[in-house]
Amino acid sequence: MNTKMFARGFTGIVAPLAIAIVALGIHAPSLRAQAPPAAPPAAPLVAAAMKGKTAEQYFKKIDALKGIPAEEIHPAMEYITMALGVGCGYCHVIGKFDVDDKREKHVARSMIAMTMALNKTAFDGKREITCYTCHHGAAKAAATQIFPGEKAPAEPTGAEIFPALMLTNFSNLDPNMSPSKASATVMSGPAPMAMAKPAAAPLPSADSVFSKYVEALGGKAAIDKVTALVHVGTADMLVPAPPVPQGAPPPPPPAMGTVPAELDVKSPKGVISVQFPGRGPTMVGFDGTIGWVNTPIREQTGDELRMTAELGETIPALSFMKEHSNVQVDTMEKIGDRDVYRVVGTRKTGMAVLDRVYFDAQTGLLARSYTTMQSVLGGFPEETSYEDYRDVSGLKVPFTLRVVSAEGNRTYKWSQVNANAPVDDSKFTKPTPPPPPMPKP
């Protein structure tokens, strides 16, 4: 049985589903007025065709991100939507992504060049400055402090009143500006007295934590006999209003609600779907090789593919040690009133970033996972809590999952989970795009 790490499987689907909501034209109300009119969908991206190609070799129009792998373009665009709180239509003409008709697209290129130059010249080439550093989920970064409840001032900013500094060649920056070149901080006066700390209880080894987890799940025999799980229940999440007829007033903005949800796992394949009112199912799936979404139909690449692939992993976090290096139990924390061991590790594939998993110190079961969705421009965090474990054919399965993410929170509540239920493989296959409409005579 494929038991790669599944702890990010539910968090990994949040971003694609959020992007799907944007694709349906139901983004935040402040952006609805900026959305362009509907246009025929672009041809779906095929991940296999991107392999070995740079962004400019695969896409028609690439300026600021030349040289990066083609498969990293969509994760980078997804990161921008989260960091600025916008949809694709904010910078692009939907259906004509290669055209340069929008000022926002030109500004975005300048911003990307600025952050990359700052990171290269002032931060030793490390990614310290990202879109989120200034934007914090707003399309336009505030130049002045804003008190809670206030709007950004309408008067010109200092940058607009005074001429810009004539700094056009970033290579002329003094290399001593880099933080690594700065001298160590010198504290004046006598050194502070070190306070004696009580001896901390010894932490268990990572091996013992995962061994206890296997036993808490029901033991290796119970794990091995379950190769498929079908979850049926609901999702509490941001729900779009039903579509309205053409020419009618626009629908109200999305609001929190409860919708039917289903997760099918047939290792290594998985698919999750939610059913919004008046619309077809919104789905994210993995067929063992290809990760895909259906609104609109496209294949996934980069870090989003890695996370979607975990939909097909039956047991959360079981192979964390295999998929990470430097795995260790680094502390004991509290989640609610429960003591948990925090296990950390650095990913072996992709960007070398830290993931965390938390295990209940008493029961041994997985309580929480934390990861980041990474791109060349930045990353955003996703966290899942696992609750209400119940016995399913001898295997302990969480019936409640609470997801906290940059796009919004959601809670999956499974009313029924069936082990080894028959699931047709076609359910995990990327849908076929509909044929283009026939031209009018």
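Just after α10, G218 takes a positive phi of about 130 degrees, and I would like to start from that residue and work back into the helix, bearing in mind throughout that this is a predicted model. Helix α10 itself runs over residues 206–217, and its 12 residues, at 1.5 Å a residue, should span 16 Å, which agrees with the 17 Å that separates its end C-alpha atoms.

Which residues of α10 are buried? They are A206, V209, F210, Y213, V214, A216 and L217, and because they cover an arc of only 165 degrees around the axis, they lie on the same side of α10. An α-helix has 3.6 residues a turn, so residues three or four places apart point the same way. On the other side of α10 we find D207 and E215, both of which are exposed.

Let me turn to a second helix, α7, which covers residues 103–122; for its 20 residues the expected span is 28 Å, and since its end C-alpha atoms are 28 Å apart, the two values agree. Its buried residues are K105, R109, I112, T115, A117, N119, T121 and A122, and these pack against α6, residues 73–84. Here too a positive phi comes after the helix, in this case at D124, where the angle is near 55 degrees.

Finally, the chain as a whole: there are 13 helices and 13 strands, and of the 441 residues 42% count as buried. Among contacts with a separation of 6 or more, 58% are between residues 24 or more positions apart. The chain exposes about 23,800 Å², with carbon and sulfur atoms supplying 59% of that area.

Technical notes:
Residues numbered from 1 in each chain as written. Predicted model: local features only at pLDDT ≥ 70, side-chain atom pairs only at ≥ 80, totals over all residues. Heavy atoms only, no water. Helix = DSSP H or I, 4+ residues; strand = E, 2+ residues; numbered from the N terminus. Expected span 1.5 Å × (residues − 1). Buried < 20%, exposed > 50% of the residue type's maximum accessible area, 1.4 Å probe, protein only. Arc of directions from axis to C-beta. Contact = heavy atoms within 4.5 Å. Areas by Shrake-Rupley, 256 points an atom, 1.4 Å probe, with all protein chains shown as cover.
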